[in-house]
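Dear colleague,

I am handing over the structure below, together with a summary of what was found in it. Please look through the sequence and the model first, and then read on.

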Amino acid sequence: AAFLEEDGHTAVSAATATEALDILKASDFDVVISDIIMPELSGVELLERLRAASEDLQIIMITGQPSVETAAEAVRLGAFDYLSKPIQGQTIVDVVNRAVKVRQLILENRRLSNENQNYQLHLEGLVKERTAELHLTNRQLEAEIAERERMQETLESTVDTLRGTMHGSIRAMALIVDKRDAFTAGHQHRVARLAKAVAVRLNLNANEQEAVYLAASVHDIGKISVPAGILAKPGKLNEAEFAIVQDHPASGTEILSTIDFPWPIAEIVHQHHERLDGSGYPRKLAGSAICLEARILAVADVVEAMASHRPYRPALGVDAALDELKLGRGFRYDPKVVDACILEFKDGEFRLDS
């Protein structure tokens, strides 16, 4: 608590889970830090109750007896992070600061979504009101036509403003992922550039190109629910750790579903690790069940990941990544997308590092 208060936070302690629940009913908090082993209720039981009561409250679990199974259960139930004792004061401050930022982002996205919905309802009401007046006289008709043209300009301006705000939210979410996992910083941006270039080469329309770009820009947002130790692990992940990583598309979809995008961004992110032959995750989708935007994102993600350095291996290079696409063409990866991606590097001279 002393470290958190020195960092500007207000920390309130509770001796038991029951006392903590009473405190949370009376006041609003950003983050809850709970031990796993406690009297009355266990930390996991408290986590279940807190998650049922609030979608945005961020919960950090602490234990002196760490195990992969306990960590996986905590993350599955919605814990923001899982820390093992002993814990340095600065470590808990850093984790709490990230958790606070995530909650603020969720609340801000929810507010923007509500404002957007309310404003659209308001504009629809105005349009209906003006349309009714068109039936009065020819004179009123001319006046109303002019008014509707003005309103259309206002609506287009508003849409542009909301689109700019939405792009800002996307950039903020992408930055959170970069800050949390320094080893893959910039990965989402590079994947987004390549996915957009492939979408253009496939002659997708402007809306579809924008959907691909935005989805790719935040396709790993769900990794904020993956413990930092797993993301930075230099060796091969064990089965339980890999299961936690495999849950990140679903976690990202849950976060993105709070925003009312005009494109299926959340679903594209949910499908970006699916494969044509059904060997992907998390839902084992196959063939046409995977949307084209997700198939594009999958190819771009594989190329960038293989071409870049990772904690568990050095960079393999673009040529090795393109060879992987050729090997998986037609059964893991969409053949049209693979061909377009290869042409983008060969004919379009695309560079991941530009």
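**The sheet and its helices**

Helix H3, which spans residues 43–53, lies across strands S1 and S2 and runs at about 180° to S2. Helix H5 (residues 89–133) also packs on the sheet, where it touches S1, S2 and S3, and its direction makes about 155° with that of S2. Please bear in mind that this is a predicted model.

The sheet itself is open and has three strands, in the order S1-S2-S3, with parallel pairing. Its edge strands are S1 (31–35) and S3 (81–84), each of which pairs on one side only, and the twist from one strand to the next averages 20°. Strand S2, made of residues 58–63, pairs with S3 in the parallel sense over four bridges, and Met-61 has Tyr-82 as its bridge partner in S3.

**Pockets and a cavity**

Which residues lie nearest the centre of the largest pocket? They are Phe-242, Val-245, His-273, Tyr-281 and Tyr-312, out of a lining of 27 residues, and the space in this pocket comes to about 850 Å³. Helices H9, H10 (239–246) and H13 (292–307) each supply at least two residues of that lining, with the largest share, four residues, coming from H13. By type, the lining of the largest pocket divides into twelve nonpolar, five polar and ten charged residues.

The second largest pocket, with about 710 Å³ of space, is likewise lined by 27 residues, and those nearest its centre are Val-12, Ser-13, Val-31, Val-32 and Ile-33. Here the sheet described above comes back into the picture, since S1 gives the most to the lining, with five residues, while helix H1 (2–6), helix H2 (17–26) and H5 each supply at least two. The lining of this second largest pocket divides into 20 nonpolar, five polar and two charged residues.

The structure also holds one cavity of 30 Å³ or more, and the volume of the largest cavity is about 50 Å³. Its lining is made up of Glu-274, Arg-275, Leu-276, Ile-290, Arg-295, Ala-298, Val-299, Arg-332, Tyr-333 and Asp-334, which divide into five nonpolar, no polar and five charged residues.

**Buried places**

Helix H11, covering residues 248–256, is mostly covered, with seven of its nine residues buried; among them are His-248, Pro-249 and Leu-256. His-248 appears again in the surroundings of Asp-220, a residue that touches Val-177, His-187, Gln-188, His-248 and His-272 when residues up to four places away in sequence are not counted. Asp-220 has its place in the loop between helix H8 (206–217) and helix H9 (228–231).

Why does Asp-220 count as buried? It does so because its relative accessibility is 5%, and buried means under 20%. From Asp-220 to Ala-315 the distance in space is 19 Å, C-alpha to C-alpha, with their positions 95 residues apart in sequence.

Ile-342, which lies in helix H15 (residues 335–346), has a relative accessibility of 15% and therefore counts as buried too. Leaving aside its neighbours within four places in sequence, Ile-342 is in contact with Leu-322 and Lys-326. Ile-342 and Glu-210 are 132 residues apart in sequence and 21 Å apart in space, C-alpha to C-alpha.

With best wishes

Key. Residues are numbered from 1 along each chain as its sequence is written. This is a predicted model: local features need pLDDT of at least 70, side-chain atom pairs count only at pLDDT 80 or more; totals for chains, interfaces and linings use all residues. Side-chain values use heavy atoms; hydrogens and water are left out. On a 1 Å grid over the protein atoms alone, a cavity is a set of points where a 1.4 Å probe fits but cannot get out, and a pocket is an open set with protein on both sides within 12 Å along at least five of seven lines; lining residues have an atom within 4 Å of a point. Grid points are joined across faces, edges and corners, and a volume is the space filled by probe spheres set on the points. Ala, Val, Leu, Ile, Met, Phe, Trp, Tyr, Cys and Pro count as nonpolar, Asp, Glu, Lys and Arg as charged, and the others, Gly among them, as polar. Buried means under 20% relative accessible area, exposed over 50%, partly exposed in between (1.4 Å probe, protein chains only). Two strands pair if DSSP finds at least two bridges between them. Axes are lines fitted to C-alpha atoms, for helices over the stretch in contact, and angles run from 0 to 180 degrees between N-to-C directions. Contact means heavy atoms within 4.5 Å.
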